Amino acid sequence: MLVAGGGVAALEAALALQAHAGDRVEITLLAPDRTFTYRPLAATEPFGGPEVVRFPLAGIAADRGISLIRDALAAVEPDRRRVRTQGGASLRYDALILALGAAATEGITGALTFRGPQDVAQVRRVVEAAAEGALSSVAFAAPGGATWTLPLYELALGMSSALAGGPRPQLVVVTPERRPLEVFGEPVAREIAAVLLSRGITLRTRSFAEAAAGGRLWMAMEGAFAADRVIALPRLVGRRIAGVPADGLGFIPVDEHGRVEGLDGVYAAGDGTNGPLKQGGLAAQQAARAAAAIAAEAGAVARHPEPPVLRAVLATGEGALYLRSPAAPGEPAVSAEPPWWPPSKIVARHLGPYLAANLRLAERHAPVGLVA
């Protein structure tokens with residue numbers, strides 16, 4: 001069994017396969033990076049939140065008895081059931097899971113594109129400039145087509161908290177959504193709107209930002225408004241791989257079990273697939289469904305995966321809100337108390353508990369675990 005990738009979907013797939021099939025499958029992880037980075041903490045780190053945690057993939061692989069190849073996928077040869085790597089190797093597979101993630105590109109011209117840990121220092125410099133009174137306005141904008149906007153709200157709320165009691169520019173959230181975090185439904189949207197209002201953050205919905213220039217944020221239909229700095233979410237595109245079908249944006253088409261259309265024995269999971277919402281917890285659920293299908297083909301009795309549930313933790317700078325859609329029977333859609341365990345930002349049936357129990361493997365330890 002070959003898993004290509006080193007992120008949430010790849011690790012959840014590997015752990016789920018072990019849980020379902022045990023020693024019926026031998027797992028090889030093909031990953032270009034040295035570490036698995038716990039990316040959701042990046043949106044709060046610039047404001048004094050926990051540092052991003054990194055887990056060496058070699059440590060996880062050794063701990064779980066998984067073979068690890070440090071290389072990147074270059075092509076799939078489905079007729080031969082082989083893959084070629086960028087390093088020139090040819091590897092055979094019985095079943096293949098593509099968990100390649102997506103590439104983060106600039107979505108709003110001229111803005112500071114916040115892609116994750118690599119941009120923490122730039123955001124911190126914006127905070128410092130604002131604290132010195134050098135900025136009169138900062139906008140946080142999502143490009144058109146963005147569906148997962150939670151980091152945008154964490155950035156705005158985090159800056160609001162970091163600047164409390166001192167000079168503070170006007171903070172504005174600009175989003176194409178009709179309501180804040182509308183993917184969670186109306187109760188969550190109302191709660192988030194109330195939080196933003198209480199913190200003095202202006203909200204502009206149904207707004208399509210295109211470019212930042214000359215101290216202004218230019219909109220598609222509304223003209224422009226003043227913004228000394230603009231911090232924007234990226235636009236995501238798929239990572240095209242030779243031999244693998246892809247849509248116009250490079251995302252891999254899959255069915256409800258993660259099977260790649262037209263390729264026998266090939267599955268895909270995570271942000272690199274053509275699902276409309278790119279989010280870690282959903283990527284883990286998709287990987288678990290693919291793992292269950294592969295385990296069943298190997299003769300194992302696999303636990304039937306649950307229907308997709310969207311769960312997330314929103315760091316507000318003054319605590320955390322736990323969000324879920326659809327809401328569980330008898331539970332609210334938004335809560336200040338964790339309704340799942342461990343209460344981590346990436347909710348994954350296998351990977352979440354594993355990481356929480358194995359922080360000893362991490363290169364950096366977040367003071368409060370894996371929750372901002």
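How many bridges join strand 22 to strand 23, and do they run parallel or antiparallel? Strand 22 and strand 23 (residues 334–335) are joined by 2 bridges and run antiparallel.

The model is predicted: local features need pLDDT of at least 70, side-chain atom pairs count only at pLDDT 80 or more, and totals for chains, interfaces and linings use all residues. Residues are numbered from 1 along each chain as its sequence is written, and side-chain values use heavy atoms, with hydrogens and water left out.

**View 1. Strand 22 and its two faces.** Strand 22 covers residues 320–325, and 6 of its 6 residues are buried (under 20% relative accessible area with a 1.4 Å probe, protein chains only; exposed is over 50%, partly exposed in between). A320, Y322 and R324 point one way, while L321, L323 and S325 point the other way. Strands (E, at least two residues) and helices (H or I, at least four) are DSSP runs, numbered from the N terminus.

**View 2. The partners of strand 22.** Strand 21 (residues 310–315) runs antiparallel to strand 22, with 6 bridges between them; two strands pair if DSSP finds at least two bridges between them. A312 has L323 as its bridge partner in strand 22. L323 also stands opposite V334 in strand 23. The hairpin of strand 21 and strand 22 has 4 residues between the strands, and G317 there takes a positive phi near 85 degrees.

**View 3. The surroundings of A212.** A212 lies in strand 15 (residues 209–213). A212 counts as buried because its relative accessibility is 16%. Leaving out residues up to four places away in sequence, A212 touches I108, T109, G110, A111, L217 and V230, where contact means heavy atoms within 4.5 Å. L112 is 100 residues from A212 in sequence, yet their C-alpha atoms are 9.1 Å apart in space.

**View 4. An open sheet of 5 strands.** The strands follow the order 5-2-1-9-20, and the pairing is parallel. Strand 5 (67–70) and strand 20 (266–268) each have a single partner strand, so one side of each is left without a neighbour in the sheet. From one strand to the next, the twist averages 20 degrees. Axes are lines fitted to C-alpha atoms, for helices over the stretch in contact, and angles run from 0 to 180 degrees between N-to-C directions.

**View 5. Strand 1, strand 9 and helix 6.** Strand 1 (residues 2–4) and strand 9 (residues 96–98) run parallel and are joined by 3 bridges. A4 stands opposite L98 in strand 9. Helix 6 (residues 280–297) packs on the sheet and touches strand 9 and strand 20. The direction of helix 6 makes about 160 degrees with that of strand 20.
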